[in-house]
2 protein chains.
Amino acid sequence: MKDVLTPYKRRLETYLSALPLTGAPEKLRSAMRYSLLSGGKRLRGCLTLMSCEMAGSDSEAALPFAAALEMIHAYSLIHDDLPAMDNDTLRRGKPTNHVVYGEAMAILAGDGLLTHAFELIASSPHPRAFRAFGEIARAAGVGGMLAGQTLDVTLEGTQPELETVQAIHRGKTAALLTAPVTAGLILGGASEAEIEAGRAFGCHLGMAFQIVDDLLDLEGDPALMGKTLGKDQAEGKLTWPACVGVPQAKKDAEAHTRAALDALSCFGERAASIRELTCAMLRRAQ
Amino acid sequence: MKDVLTPYKRRLETYLSALPLTGAPEKLRSAMRYSLLSGGKRLRGCLTLMSCEMAGSDSEAALPFAAALEMIHAYSLIHDDLPAMDNDTLRRGKPTNHVVYGEAMAILAGDGLLTHAFELIASSPHPRAFRAFGEIARAAGVGGMLAGQTLDVTLEGTQPELETVQAIHRGKTAALLTAPVTAGLILGGASEAEIEAGRAFGCHLGMAFQIVDDLLDLEGDPALMGKTLGKDQAEGKLTWPACVGVPQAKKDAEAHTRAALDALSCFGERAASIRELTCAMLRRAQ
């Protein structure tokens with residue numbers, strides 16, 4: 001997975017660390033940068049750039065959108081980790097934002113990253129910026145990521161039912177993996193049919209990704225993962241393997257991966273990198 | 001103040017309570033609506049509509065932007081009231097969001113309102129929507145409202161200095177009273193000179209408004225205000241009267257009000273309602 005992402009990730013890291021965050025007081029800037037620049041796969045940002053190229057365009061103009069999606073992802077992690085939410089103290093091998101900066105600053109840093117994502121988008125001169133903005137706002141919104149997050153928080157400890165887990169994964173993970181694809185395609189000038197194919201791809205990719213994540217929480221190596229493992233089970237989180245068992249969860253991850261690859265067929269050779277990424281993502285759990 | 005706002009406020013309340021918040025789980029929708037529909041002056045929303053009309057246009061197309069600004073205001077209050085921030089339990093005479101829905105849901109409700117503000121804007125077909133979006137995103141951002149909020153939180157209890165208080169008030173209050181004016185003017189088709197006049201007006205109005213608010217916290221009637229008073233002083237908040245004393249603060253509020261009115265001169269008779277509102281705002285503290 002690393003290899004195919006490396007060149008995209010490098011451009012993104014350079015762009016993100018050079019962001020001026022104009023006007024932010026020093027403490028806010030520092031708390032925002034702490035989480036934004038703490039590594040991670042940059043999957044959402046890379047997917048934005050790769051999807052723009054898959055539409056046949058240069059991806060330079062998609063960089064602010066790629067960065068915005070990474071900011072929205074970073075904000076969601078900061079707020080998720082708060083004591084009132086998942087109360088996590090470790091993320092990517094480092095203390096979480098509120099452990100370092102305190103709860104008040106962590107709330108503000110999350111708010112800051114979410115708002116700055118939209119500021120970045122608003123400063124784009126791209127003629128299709130407004131439509132890409134809509135894809136991203138809806139994915140992050142109350143029918144997308146925040147729906148998943150709410151169900152995750154409110155249904156913790158209840159009997160795991162597949163339909164509920166599906167809704168949580170669709171919101172928490174798939175929405176914010178689909179928006180990079182549709183936004184990237186829109187910016188790259190893709191046709192309506194291509195944008196819809198990208199939407200189907202992103203949705204299956206997101207489901208596969210989250211099922212694999214659930215499996216890794218059960219079976220992964222904490223040293224490799226850089227976070228507390230086994231927490232899902234301990235806290236009664238609704239996970240895919242908790243509903244269907246580990247063997248079936250692995251089969252489901254494979255099925256979603258196949259469906260994701262199928263959706264890419266209309267892009268032919270232009271989808272080579274994204275195809276490679278999709279297959280590598282599944283292999284994490286094998 | 002009420003009289004001139006009433007017709008705008010009524011349209012806004014109807015629009016806000018009819019918002020479907022599509023896809024939001026019931027508990028999230030309920031927590032968002034609790035704060036969004038809890039009354040308040042609707043100053044930001046009304047200013048958006050009034051400014052659009054001041055540019056000579058019908059304000060119907062500005063409604064989603066007016067609603068978005070009310071949502072951003074509501075989100076900022078929910079997060080400000082959290083135990084980790086100002087730890088307020090009463091707002092507009094009602095228990096604050098986290099008292100009713102718990103901290104986790106209050107954090108999510110705030111995130112939801114902020115994100116939905118941008119979703120609403122993204123769904124506007126107005127040809128100048130993107131530019132108005134930029135005004136709003138920047139005002140809510142790390143160089144605007146969040147800068148003020150950060151300074152407010154981090155400098156609490158330090159020696160009050162006028163420059164710092166000015167920066168806090170500019171960020172926390174003036175930014176989000178300026179954006180309704182500039183966004184409304186942009187949507188209404190105002191000239192560049194008019195937009196800049198609106199920016200100056202909004203900035204002075206915001207400063208006057210916050211100085212009056214500081215004064216009311218010292219001298220107001222808790223029953224009329226519907227919130228805990230005297231808290232600023234008890235908590236060592238940096239306020240305008242704490243820097244310059246009450247008599248000078250009253251003079252400064254008047255001076256900013258005059259400067260705000262001066263900035264409106266280029267609009268002639270079209271600014272009549274906004275002028276009336278500006279004068280009424282100052283009278284709250286007299």
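Here are a few exercises on how chain A and chain B fit together, each with a worked solution.

Before you start: this is a predicted model, where local features need pLDDT of at least 70, side-chain atom pairs count only at pLDDT 80 or more, and totals for chains, interfaces and linings use all residues. Residues are numbered from 1 along each chain as its sequence is written, chains are lettered from A and ligands numbered from 1 in the order in which they are written, and side-chain values use heavy atoms, with hydrogens and water left out.

**Exercise 1. Work out how many residues each chain puts into the contact, and what area is buried.**

Step 1: Take contact as heavy atoms within 4.5 Å. Chain A and chain B then bring 45 residues each.

Step 2: Turn to buried area, the accessible area (1.4 Å probe) that two parts lose on being put together, summed over both. For this pair of chains it's about 3600 Å², and carbon and sulfur atoms give 79% of that.

Step 3: Look for the top contributors in chain B. Leu108(B), Phe130(B) and Val142(B) lose the most area to chain A, together 19% of what that side buries.

**Exercise 2. Find how many salt bridges and polar contacts cross the interface.**

Step 1: For a salt bridge, you want a side-chain nitrogen of Lys or Arg within 4 Å of a carboxyl oxygen of Asp or Glu. Between chain B and chain A there are zero, although the count over all chains comes to 33.

Step 2: For a polar contact, look for N or O atoms within 3.5 Å; within protein, one must be able to donate a hydrogen and the other to accept it, and residues adjacent in sequence count only if both atoms are side-chain atoms. Four residue pairs across the interface qualify, with both residues at pLDDT 80 or more.

**Exercise 3. Determine how chain B is laid on chain A.**

Step 1: Superpose the copies by least squares on the C-alpha atoms of residues with pLDDT of at least 70 in both. A turn of 180 degrees and a shift of 0.0 Å along the axis does the job, with an RMSD of 0.0 Å.

Step 2: Read off the symmetry: the two copies are thus related as by a two-fold rotation axis.

Step 3: Find the C-alpha of chain B nearest the axis. That's Phe130(B), 3.2 Å away from it.

Step 4: Compare the two sides. Of the interface residues of chain B, 100% are also interface residues in chain A, so the copies meet through the same surface.
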